[in-house]
Structures are given as structure tokens and as C-alpha cells.
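Here is a quick tour for anyone opening this one for the first time. Have a look at the chain, then read on.

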Amino acid sequence: MVIEDLNEDGFAELIFGQYRTFASSGGVYNTTSSISWGSAAGFTSVTSLPTYSLLTILTGDLDLDGRADLVFPADNSNGGYSAATSRVYYGGSSTPMYSTSDVQDLSSGGGASYAFLVGDTSW
Ligand SMILES: [Ca+2]
Ligand SMILES: [Ca+2]
């Protein structure tokens, strides 16, 4: 989980992610992460985002447009480690700030894509 004021309104958001969920056939690595939006009344709205087997959650303004972007590095997916997809959600100016209409998938493989995102070239 990460706590950050993504939309810079003075109220912190809670960003939750999960590595996998359980199913009768075993673990499912295509998961859902969520943002609970902070407000004066508390956490009153949630944005759900499709993600994969999260290793961590990173935030930063990757495209330098002044809005926070979210990076969800993955090491697996339902297709296996070699098909793992790390996902970037770019922050937009409308509500919800994050959606699948402005997303970038990095499908270079789980360990490799995670290493790329954290700057480790030894993988
Ligand atoms: Ca906020
Ligand atoms: Ca941005």
C-alpha cells in the first residue's frame, strides 16, 4: 500500500495492490488494485484498476505533465512469468484521474520489467 496525495487537493489517497487472488483452480495473477480517494468527509470514493501480481507500487510524474502517474511492476500474470505485464497508469485531468484509457503495458517479462523500472540492469 502507498499513501500519497495524488490529485494534490490536500487529502491523502490510499493506493492498494495485491499480488494474487485465490480461485478454485489456484492463484490468479490478473488482479485489481484500487485507490481510495481522500476528502474532508474521509475516503468516500474508490477507483478500481486492473493490474498484475504486484511487487510494489511506485508513483512519479513520468510524462512531466504535472500529474502523478502510477507504476505497478509485476512478476507474473495468468500467462506465467514470461508473460508478466507491468502497468503504468498516467494521471489525467478528468475524473477518475486514472483509467484504462490512459495506460501503458510493459510486457518484457516479469523480472526484467521490474528491474527496468527500478533501474537495476543486472537482471
Ligand atoms: Ca488527494
Ligand atoms: Ca504525469
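Let's start at one spot: R67 sits in the loop between β7 and β8. Keep in mind that this is a predicted model, so the confidence scores come up below too. From R67 we'll move along its loop, then out to the sheets, the core and a few backbone oddities.

**Around R67 and its loop**

- Is R67 buried or exposed? Neither label quite fits: R67 counts as partly exposed because 17 other C-beta atoms lie within 10 Å, and a residue needs 20 or more to be buried and 12 or fewer to be exposed.
- Leaving aside residues up to four places away in sequence, R67 touches D61 and G91.
- R67 also has a link back towards the start of the chain: L6 is 61 residues away in sequence, yet the two C-alpha atoms are 7.6 Å apart in space.
- D65 belongs to the loop between β7 and β8 as well. It is exposed, because 12 other C-beta atoms lie within 10 Å.
- Between D65 and Y90 there are 9.5 Å from C-alpha to C-alpha, with the two residues 25 apart along the chain.
- L64 is another resident of the loop between β7 and β8. With 8 other C-beta atoms within 10 Å, L64 is exposed.
- The backbone at L64 has a positive phi, near 55°, in a residue other than glycine.

**The overall layout**

- What is the protein built from? It has 10 strands and one helix.
- Reading from the N terminus, the order is β-β-β-β-β-β-β-β-β-β-α, so the helix comes after the strands.
- The protein has 123 residues, and 29% of them are buried.
- Take the contacts between residues at least 6 apart in sequence: 39% of these join residues at least 24 apart.

**The sheet that flanks the R67 loop**

- Which strands make up this sheet? Four of them, in the order β7-β8-β9-β10, form an open sheet with antiparallel pairing.
- β7 (58-60) and β10 (103-106) are the edge strands, each pairing on one side only.
- From one strand to the next, the twist averages 20°.
- β7 and β8 run antiparallel and are joined by three bridges. One pairing to look for is L58 with V71, its bridge partner in β8.
- β8 and β9 also pair in the antiparallel sense, over three bridges. Here F72 stands opposite R87 in β9.
- β9 (residues 86-89) pairs with β10 over four bridges, again antiparallel. R87 turns up here too, with D105 as its bridge partner in β10.

**The other four-stranded sheet**

- A second open sheet has four strands in the order β1-β2-β5-β6, and its pairing is antiparallel.
- Its edges are β1 (2-4) and β6, which each pair on one side only.
- The strand-to-strand twist in this sheet averages 20°.
- β1 and β2 run antiparallel, with three bridges between them. In β2, L14 is the bridge partner of I3.

**The core**

- Nonpolar side chains tend to be buried together in soluble globular proteins.
- Which members of the largest nonpolar core touch the most other members? They are L70, A74 and Y98, out of 17 residues in that core.
- The elements giving two or more residues to this core are β5 (30-39), β6 (42-52) and β8 (69-72).

**Backbone details worth a look**

- T95 and P96 are joined by a cis peptide bond, with omega about 0°. P96 is in the loop between β9 and β10.
- S53, which is not a glycine, has a positive phi near 20°. You'll find S53 in the loop between β6 and β7.
- S53 counts as buried because it has 25 C-beta neighbours inside 10 Å.

**How far to trust it**

- The average pLDDT of the protein is 85, and 81% of the residues score at least 70.
- Among the elements, strand β2 (residues 13-16) has the highest mean pLDDT, at 97, while helix α1 (residues 110-118) has the lowest, at 50.
- Predicted coordinates should not be read in detail where pLDDT is low.

Conventions
Residues numbered from 1 in each chain as written. Chains lettered and ligands numbered in written order. Predicted model: local features only at pLDDT ≥ 70, side-chain atom pairs only at ≥ 80, totals over all residues. pLDDT = per-residue confidence, 0-100. Core = buried A, V, L, I, M, F, W, Y, C linked by C-beta atoms within 7 Å. Pairing = 2+ DSSP bridges. Axes fitted to C-alpha atoms, helices over the stretch in contact; angles between N-to-C directions. Contact = placed C-beta atoms within 7 Å.
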